[in-house]
Amino acid sequence: MMNSSLLGCVPRVTVWLASLALFLAACSSSPSSSTREPTDTSSDVSYAALVGASQPIGYWPLDEQNGSAMASAMPGAEASYLGGVQLGEPPAIDAGTSVFLDGSSAAIWLGPSDSEYGRAVAAEDAITVALWVRVAEAPESGEVMHLARWRWYGWGIYVVDGVLRAEVWEVSKGDDDASLEPAGSTLEGPSLTTETWYHVALTRDATTTRLYVDGAVVAERMSTGEIYYLAIDADDDCCGTGGGVAFGRDADVDGNYFHGWLDEIAIYPAALSAQTVAAHHAFGDR
């Protein structure tokens with residue numbers, strides 16, 4: 001985990017209950033299935049309302065100018081900017097701002113994997129992780145840069161040698177109804193070029209896991225069991241960390257930092273439909 005002296009140097013961000021009303025104002029009713037549809041994709045709807053229509057459990061526009069509150073759709077969650085984060089950068093969409101991560105120390109830290117919020121985004125069945133991303137420079141050979149990560153196991157979105165990938169760890173039941181060993185499955189997307197904003201989404205339900213780029217499916221596979229999560233005490237962890245949830249690095253591990261811009265991060269407790277993902281991407285083309 002990050003030591004106490006480092007955490008003391010970064011702003012702790014408390015999410016206010018009032019932000020829930022802002023981001024979920026477009027919600028009309030709870031969906032009855034694991035796939036959520038937008039309630040309004042008209043030209044006058046805001047991006048926040050478009051996201052809110054799908055009822056996220058976390059939504060971070062990243063519009064802060066000076067390290068003030070990082071708004072989220074989940075009241076009571078905490079988050080921190082770590083290291084060399086530059087706020088107030090040009091946005092992915094024509095609204096608000098983005099943040100720039102320096103590739104060596106900057107990240108967005110949501111908390112330990114066994115925290116209240118870590119457990120909230122550890123859905124066993126259906127989940128969507130979505131964000132806008134822009135790579136600053138071509139990575140070195142073999143370089144891994146994490147965009148979003150729940151560890152241990154869990155799920156992740158990352159870039160390897162410039163190629164976008166997503167990973168989900170699953171565990172299924174054997175004939176005797178005992179859990180088998182967890183296995184990770186990787187979805188591979190396209191190479192990401194510099195100076196281009198991409199909308200990336202990982203969706204997963206009990207039947208299918210998909211990776212979207214710019215509103216289109218670039219890879220998919222059958223889901224084989226529940227998502228597997230392991231949250232342990234840092235003292236019992238071989239790496240001395242215990243697990244965590246973060247954007248821009250390998251969760252609580254001091255490594256695999258992302259070098260570039262992130263914007264409009266959201267996590268949903270359901271697999272967004274292809275229509276919804278396409279609508280979110282299309283907003284950036286307006």
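This report describes the fold, one central strand, the nonpolar cores and some backbone oddities of a protein chain.

**Overall picture**

The model is predicted. The protein chain holds 5 helices and 19 strands. It has 286 residues, and buried residues make up 53% of them. Its accessible surface comes to about 11800 Å². Carbon and sulfur atoms account for 49% of that surface. Among contacts with a separation of 6 or more, 67% join residues 24 or more positions apart.

**Strand E8**

Strand E8 runs over residues 127-135. It is mostly covered, with 9 of its 9 residues buried. How are the two faces of E8 made up? One side carries Ile127, Val129, Leu131, Val133 and Val135. The other side carries Thr128, Ala130, Trp132 and Arg134. Both faces are covered.

E8 has strand partners in E13 and E18. Strand E13 spans residues 198-204 and pairs with E8 in the antiparallel sense over 7 bridges. Within that pairing, valine 133 has tyrosine 198 of E13 as its bridge partner. Strand E18 spans residues 259-268, and its pairing with E8 is also antiparallel, over 7 bridges. Here threonine 128 stands opposite tyrosine 268.

**The nonpolar cores**

In soluble globular proteins, nonpolar side chains tend to be buried together. In this model the largest nonpolar core has 46 residues. Which members touch the most others? They are Trp155, Ile157, Phe247 and Leu262. E8 gives the most to this core, with 5 residues. Apart from it lies another core, of 20 residues. Its members include Ala92, Ile93, Trp197 and Val277.

Leucine 262 shows how such a position is surrounded. Leaving out residues up to four places away in sequence, leucine 262 touches Leu131, Trp132 and Val133, among others. Its other contacts include Leu62, Ser98, Val99, Leu101 and Leu147. Trp197, Phe247 and Gly248 are also among the residues that leucine 262 touches.

**Backbone oddities around E9 and E10**

The peptide bond from arginine 151 to tryptophan 152 is cis, with omega near 10°. Arginine 151 sits in strand E9. Tryptophan 152 lies in the loop between strand E9 (144-151) and strand E10 (155-160). Tyrosine 153 belongs to that loop between E9 and E10 as well. It is not a glycine, yet its phi is positive, at about 60°.

Is arginine 151 buried or exposed? Arginine 151 has a relative accessible area of 3%, so it counts as buried, the cut-off being under 20%. Its side chain makes a polar contact with the side chain of aspartate 252, at 2.9 Å.

**A positive phi in E18**

Glutamate 264 is placed in strand E18. Its phi is near 50°, a positive value in a residue other than glycine. E18 is also the strand that pairs with E8.

**Accessibility of the three residues**

The table sets out the relative accessible areas of these residues.

| Residue | Relative accessible area | Class |
|---|---|---|
| Arginine 151 | 3% | buried |
| Tyrosine 153 | 25% | partly exposed |
| Glutamate 264 | 5% | buried |

Why is glutamate 264 classed as buried? Its relative accessibility is 5%, and buried means under 20%. Tyrosine 153 is partly exposed because its 25% falls between the 20% and 50% limits.

Key. Residues numbered from 1 in each chain as written. Predicted model: local features only at pLDDT ≥ 70, side-chain atom pairs only at ≥ 80, totals over all residues. Heavy atoms only, no water. Buried < 20%, exposed > 50% of the residue type's maximum accessible area, 1.4 Å probe, protein only. Helix = DSSP H or I, 4+ residues; strand = E, 2+ residues; numbered from the N terminus. Pairing = 2+ DSSP bridges. Core = buried A, V, L, I, M, F, W, Y, C linked by side-chain atoms within 4.5 Å. Contact = heavy atoms within 4.5 Å. Polar contact = N/O pair within 3.5 Å; in protein donor to acceptor, adjacent residues only side chain to side chain. Areas by Shrake-Rupley, 256 points an atom, 1.4 Å probe, with all protein chains shown as cover.
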